[in-house]
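Colleague: I am new to this structure and would like to learn how to read it. Could you take me through it one feature at a time?

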Amino acid sequence: MNIPKLPIGQGIEWIEDWLMTYFGPLFDLIHAVIGGMVTGIEAALTFLPAIVLTLIIAALAYWIGKWRMALFAVVGLLLIDNLGLWNPSMQSLALVLTASVLAVLIGVPVGVLCAQSKTVQNIVTPVLDFMQTMPAFVYLLPAVSFFSLGVVPGVIASIIFAIPPTIRLTNLGIRQVSEELVEAADAFGSTSGQKLFKLQLPIAMPTIMAGINQTIMLSLSMVVISSMIGAQGVGAYVYRAVSQAKTGAGFEAGIAIVIIAILLDRLTQKLFKTKQQN
């Protein structure tokens, strides 16, 4: 006896059509906001000459991580410029920064809600499992359907792929705050908001920052995949090199991505450690 196939695919497409019919203006608004954010960040990154922005980043790296990080920033960014990949790299960096900022703005509050409510955590956890295990390419399909081709669906797919660590580690960090400290805060008459902002979040900050760092790295890992749906940047160079079997060009673009990844990873880690020490 053959069991009929469950119409899961048809159901998903029906939901997609229903959302487009009744929430089309909302998707247009989201498209405009995210597109504006990416354009603004990209304009800010490309406004200054490459050498000037390199020196600014090197100064920031020296302030945060001392001379070795500054030296790596100078050498790495000058190499990107020398390879002719400066503007594409800034386009990719704009996509990553936009996706990371939005993921943090959404993920931290959701993580706080999970920490404060067991019911919310039980609902959100399976969703996070789904988001982390579903192949990233699958995210591109609804993103393109709702937001057409371009950088915006790439940002949306990056947020979906990268947001779970921020939510999970925010939840974990707050739940690991000592019960004795929470009880002491209650004994002194602290409100829920005071406990959260003056006790739980400061203590949980190292764990939360670790989640944010992972979110930034995961956003960067989506650069090449996002190029498949029209997102410009250095990821598009990698994708073209793969499709045309140009090993050298692909390796050059890959070096640019590696340099950006190391800079973002080391700078955020050093910045978080500096804040923790202060």
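Modeller: Start with the contacts along the chain. Among contacts between residues at least 6 apart in sequence, 76% join residues at least 24 apart. Keep in mind that this is a predicted model.

Colleague: How many helices and strands does the protein have?

Modeller: The count is 12 helices and 0 strands. Read along the sequence, the pattern is α-α-α-α-α-α-α-α-α-α-α-α. The C-alpha atoms fill a box of roughly 65 × 60 × 40 Å along the principal axes, and buried residues make up 42% of the 278 residues.

Colleague: How do I check the length of a helix? What should the 16 residues of helix H4 span?

Modeller: At 1.5 Å a residue, helix H4 (residues 118–133) should span 22 Å, and its end C-alpha atoms are 23 Å apart, which agrees.

Colleague: Which residues of H4 are buried?

Modeller: The general idea comes first. An α-helix has 3.6 residues a turn, so residues three or four places apart point the same way. In H4 the buried residues are Gln121, Val124, Leu128 and Met131. They pack against helix H3 (86–116), helix H5 (136–147), helix H6 (151–162) and helix H7 (164–175).

Colleague: Now the interior. Which residues have the most contacts inside the largest nonpolar core?

Modeller: In soluble globular proteins, nonpolar side chains tend to be buried together. Here the largest nonpolar core has 70 residues, and Ile80, Val155 and Leu220 have the most contacts inside it. H3 gives the largest share of this core, 14 residues. Take Val155 as a case: leaving out residues up to four places away in sequence, Val155 touches Ile34, Val38, Leu95, Thr98, Ala99 and Leu102.

Colleague: Is Ser92 buried or exposed?

Modeller: Ser92 lies in helix H3. The cut-off for buried is under 20% relative accessible area, and Ser92 counts as buried because its relative accessibility is 3%. Neighbours within four places in sequence aside, Ser92 is in contact with Val223, Gln232, Gly233, Val234 and Gly235.

Colleague: What about Thr268: buried or exposed?

Modeller: Thr268 is in helix H12. With 12% relative accessibility, Thr268 counts as buried. Beyond residues up to four places away in sequence, Thr268 touches Asn213 and Ile216. Another way to read a position is to set sequence distance beside distance in space: Thr268 and Ile64 are 204 residues apart in sequence and 9.1 Å apart in space, C-alpha to C-alpha.

Colleague: Next, the pockets. What is the volume of the largest pocket?

Modeller: Its volume is about 830 Å³. The lining has 25 residues, and those closest to the centre are Tyr139, Pro142, Ala143, Phe146 and Ile160. Helix H1 (8–47), H3, H4, H5 and H6 each supply at least two residues of this lining. By class, the lining has 21 nonpolar, 2 polar and 2 charged residues.

Colleague: And the second largest pocket: which element gives the most to its lining?

Modeller: The second largest pocket holds about 590 Å³ of space. Of the 24 residues that line it, the closest to its centre are Leu60, Leu93, Leu97, Leu264 and Leu267. Helix H2 (50–82), H3, helix H9 (192–221) and helix H12 (247–277) give two or more residues each. H12 gives the most, with 8 residues. This lining divides into 21 nonpolar, 2 polar and 1 charged.

Terms used:
Residues numbered from 1 in each chain as written. Predicted model: local features only at pLDDT ≥ 70, side-chain atom pairs only at ≥ 80, totals over all residues. Heavy atoms only, no water. Helix = DSSP H or I, 4+ residues; strand = E, 2+ residues; numbered from the N terminus. Expected span 1.5 Å × (residues − 1). Buried < 20%, exposed > 50% of the residue type's maximum accessible area, 1.4 Å probe, protein only. Contact = heavy atoms within 4.5 Å. 1 Å grid on protein atoms, 1.4 Å probe; cavity = no way out; pocket = protein on both sides within 12 Å on 5 of 7 lines; lining within 4 Å. Points joined across faces, edges and corners; volume = space filled by probe spheres on them. Nonpolar A, V, L, I, M, F, W, Y, C, P; charged D, E, K, R; others polar. Core = buried A, V, L, I, M, F, W, Y, C linked by side-chain atoms within 4.5 Å.
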